[in-house]
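The exercises below are meant to be worked through with the sequence and the 3D structure open beside them. Try each task before reading its solution.

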Amino acid sequence: MADINITSLGKVFAGTPALQDITTRFEDGEFIALLGPSGCGKTTLLRLLAGFDMPSSGTIRIGARDVATATNMVPPEERNIGFVFQSYALWPHMSVRRNVSYPLEIRKLTKPEIAAQTDAALAATGLTEYADRMPSDLSGGQRQRVALARCLVSAPDAVLLDEPLANLDVALRASMQAVFTDFHKRTGATMVYVTHDQAEAMAMADRIAVMNQGLIQQFDTPQTLYERPKNRFVAEFVGRGTVVPVKAVEQGENQLHAHVLGARIAVESEAQSQVSHVCLRPENLAISETGDLRAKVARVTYLGGKYLLETVSSCGTRLLAETRAKFDVGAQLGLTITTPWAFSED
Amino acid sequence: MQSALQKGGSRSESRLLSVILILALCLTLAPVLRLFIEGVTDQGVPSLSLAKSVLAQGSTLNALKHSLITAGLGTLVSVVLGAAFAFLVALTDLRAKAALVFCLMIPMMIPPQITALSWTQIMGPSSVLLKTLGIAPPLGAPQPLYSPEGIILLLGIQHMSIIFLTLRAGLRAIPQEVVEAARISGARGFRTWWQVVMPLTLPSLAAGTAITFVTALGNFGIPAMLGIPAGYVTLPTLVYQKLAGMGTTVLAEVSVLAMLIGAVAIVGILLQRFFQGRQNVYLVGSTSRPLAIPLGSARLPVEILLWAVVFVILVLPMFGLLATSLVPAYGVPLRFDTMTFVSWGEVLFRQPVTARAFANSFSLALGAAVVLMIICLPLAWLMERHPTRLSRLFDSLLDLPYALPGVVLSIAMILLLIKLPFTDATLYGTIWIIFLAYLARFFAVMFRPVQASLKQLDPAMAEAAQSVGAGLFQRLRDVILPLSAPAAAAGAILVFLTAFNELTVSALLWSSGTETLGVVIFNLDDSGETAMASALAMTIVFVVMALMTLIQLFSRRFPKGVVPWQT
């Protein structure tokens, strides 16, 4: 078990920067998700932590040991980390048991120790009855559990997971999320989980680092990310919503007011008077005839139990609202905005 | 070094790569480089005077002319035969395609001197088969194959598989939709083929033609067996005659000849690379379903015709060989009362030369297969993981010792090893020079299948082992070796097969005691022991077929691109 400290970490691939000056800290025992669109650098960061790639600049410290500095680089096989691959990377020529016991063979444990620890890892992942099968005879979810057992068996300092659920179907994904959460609770291992699926990150992670263009845009708990985004990218990438510019700001005694879409509304913010944009999520919009602004329904999507309305306001901005009642495309309605989150973006 | 580190982050990997890469470079490219230096220097001084005088000789120009004629027209025969088979097998709904493909591969795998020997047994006045059937030409009539036409015909048959394979691979890359779109637009049978299929396959046909020409140019067995009796000399046989007649005193002179063959061959190789590169342009779209244009009522006649051709070019010569091997003396007709296994017994169990040749060829082939496997497996994996500038250069040049005519490599090997640097020792005349030449020549035969299988291997396989603590040698032993074992096995069998049959290299490098099987068949035939030569040739054909069947049986377990005749 160990915390991870990253200082000024950068990585350049063939002249193109993939990671720029990342400085952050993952606490011991935390479940961290690295979230972002493809090409944002999240997998690069994970592979640098594992040691598969060498950083162009900066340092990585796992526990009390510097694993990558400007002068020294500890190879992956000496880092004592676990890695779960998107493709599972089970060795097809070894049985499930041998796949799981291989890390212990490398560590030159005695035969009874290997057998005992392997059995424990297989039992913890519910694989005992599949121990003698070959990986090709397993389903996708079972393969993923073998990969998990393989990295759990050697008690790694940290477990790194590279989009481990991307190859599974939706139903299996939900049940595997539970497996990962349980695994994290039981072992208390520091886990770093790369995904492009925000629902997955929200469901499992203690903290999420939202990445874009090689930079961490915001690193916070799922609730904070959703309710108090720091910038336009995070506001638009996490959750549904529309980012709208602010015309003017009034600082009241204990309430900030902003002029948005021609209406004066109360907003919440950290930045006080410097706010430049607000994030309008469906929860911030209520349908009422006496609303702050008028809008026309452009598209209706049934979500099950409720409808998502895509509306166009009189000044041309697209706004998303949720309702239990059905509206027809083209219907006119009024929208009331209730205390949205405002932030400053340059 | 720095870039390699950036990629994999393992110092031990880049160090091992450098070591093996330098070893492989010395093995494969040093001889070629040494030959080049010899050709452009005279006693250590850069000079082209020797080259000029050798190239001005009448015998050189004559042999060059003969080589170009036989290789050129032989290639034409290959193109006609190979392309006809490739189009019919790849595009239509013929039955038993797998069997047909397997049979078409056999000519490529049978050594050329055996092809030549077997064909002379079904033609000419002393053919046992023709005598038995009572249709032999009168005694004294010439052997029709001892002529340029004979050489052209047999070169054409020997190398038709190359055209067949490259063209079939190109045809299989054409998406079915392309042909379907042509048909829906109203194009019929021949028009579809001429206006859609043909233009798309031209690059692969051109590439196949170029490499067939290079192979035919370097062929030694066929012009030696058919051309020497007729006094028709090509460049490889000219080199052989000079070296056999006058020994190493003419080394400088034959080096120039070897460079001349090499120069013509390199033009061919460059042409092949050029067309191969253009071929990829068409590799778009789905190719999941192979083309199967229905032949309708023409299917049975076409099938009969194709199998008849296979019978004539493959089965009939083998019958001739078998018949000759079973008569007590050359010229006696084969009947039940004259049939005997005396030649078989003599050649397999009594002749010390053949026993020695079996032992030599077997240990050379096995040794080459094992050593090349040990070198190629880690090298292919490390080159895949750490592409450096040197490794990319090596990748583009490593086919050279195999693609260049065997005569060129043999002369290069003699030059390199006749006097070892810093000593008076020589490897010329020992079995080691043949062994090193085999390592250089068959490097690509081993390397390419292993490389093909490792390219398809998920890099995460090795990274997973690395993340759980496995060091470089543990990763190689526990993950890379088992996963690429099928490809390595196929490569090893192919190396064994080609080395076991090899004649061109050993014909120039053998001496008493280090004969190979190819040399012994050639010598037996040369000294008139045709029945014994036939019995030995038949044995080798059986070994070849058995090994090919072995590969075929396991072919489903090999990754794509490993078995050369399964593209």
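**Exercise 1. Find how far apart the centres of domain 1 and domain 2 of chain A lie, and which residues each domain spans.**

Solution. Begin with the bounds: in this predicted model, the domain assignment of chain A gives domain 1 as residues 4-232 and domain 2 as residues 240-343. Next, take the centres over C-alpha atoms, which puts domain 1 of chain A and domain 2 of chain A 39 Å apart. Finally, look at the contact between these domains, to which domain 1 of chain A gives six residues and domain 2 of chain A gives five residues.

**Exercise 2. Describe chain A as a whole by its secondary structure, its extent and its burial.**

Solution. Counting the elements gives eight helices and 21 strands for chain A. The C-alpha trace of chain A, laid along its principal axes, spans about 75 × 45 × 40 Å. Chain A has 346 residues, of which 43% count as buried. Among the contacts in chain A with a separation of 6 or more, 65% are between residues 24 or more positions apart.

**Exercise 3. Decide how far helices α1 and α2 of chain A are covered, and inspect what follows each of them.**

Solution. The step to apply is the burial cut-off, by which a residue is buried if 20 or more other C-beta atoms lie within 10 Å of its own. For helix α1 of chain A (residues 42-50), nine of the nine residues are buried, so this helix is largely enclosed by the rest of the structure; the buried residues include the charged-name entries K42(A) and R47(A) as listed, along with L45(A) and L46(A). Just after α1(A) comes G51(A), with a positive phi of about 95°.

Helix α2 of chain A (residues 96-106) is mostly covered, with eight of its eleven residues buried. Among these buried residues are R97(A), N99(A), Y102(A) and L104(A), and the elements that cover the buried residues of α2(A) include α3 (111-124) and α4 (140-152) of chain A. After α2(A) follows K108(A), whose phi is positive and near 55°.

**Exercise 4. Identify the residues that touch the most other members of the largest nonpolar core, and trace where this core draws its residues from.**

Solution. The largest nonpolar core holds 259 residues, and A368(B) and V495(B) touch the most other members. Its largest share, 14 residues, comes from helix α17 of chain B (residues 352-385). Domain 1 (4-232) and domain 2 (240-343) of chain A both give residues to this core, so the core lies between them. For V495(B), once neighbours within four places in sequence are left aside, the contacts are A368(B), A369(B), L372(B), F442(B), V445(B) and M446(B).

Helix α17 of chain B also contains G367(B), which counts as partly exposed because G367(B) has 16 C-beta neighbours inside 10 Å. The C-alpha atoms of G367(B) and T426(B) are 21 Å apart, the two residues being separated by 59 residues along the chain.

**Exercise 5. Determine how helices α26 and α27 of chain B are arranged relative to each other.**

Solution. The axes of α26 (residues 517-526) and α27 (residues 530-554) of chain B come within 8 Å and cross at roughly 155°. That angle makes α26(B) roughly antiparallel to α27(B), and the crossing is left-handed. At the contact, residues of α26(B) including V520(B), I521(B) and L524(B) meet residues of α27(B) including A533(B), L536(B) and I540(B).

Conventions. Residues are numbered from 1 along each chain as its sequence is written. Chains are lettered from A and ligands numbered from 1 in the order in which they are written. This is a predicted model: local features need pLDDT of at least 70, side-chain atom pairs count only at pLDDT 80 or more; totals for chains, interfaces and linings use all residues. A nonpolar core is a set of buried Ala, Val, Leu, Ile, Met, Phe, Trp, Tyr and Cys residues joined through C-beta atoms within 7 Å. A residue is buried if 20 or more other C-beta atoms lie within 10 Å of its own, exposed if 12 or fewer, and partly exposed in between; C-beta atoms are placed from the backbone. Helices (H or I, at least four residues) and strands (E, at least two) are DSSP runs, numbered from the N terminus. Domain bounds come from an automatic or database domain assignment. Two residues are in contact if their C-beta atoms, placed from the backbone, lie within 7 Å. Axes are lines fitted to C-alpha atoms, for helices over the stretch in contact, and angles run from 0 to 180 degrees between N-to-C directions. Angles under 35 degrees count as roughly parallel, over 145 as roughly antiparallel, 65 to 115 as roughly perpendicular and the rest as oblique. A crossing is left-handed if the near helix is turned anticlockwise from the far one by less than a right angle, and right-handed if clockwise.
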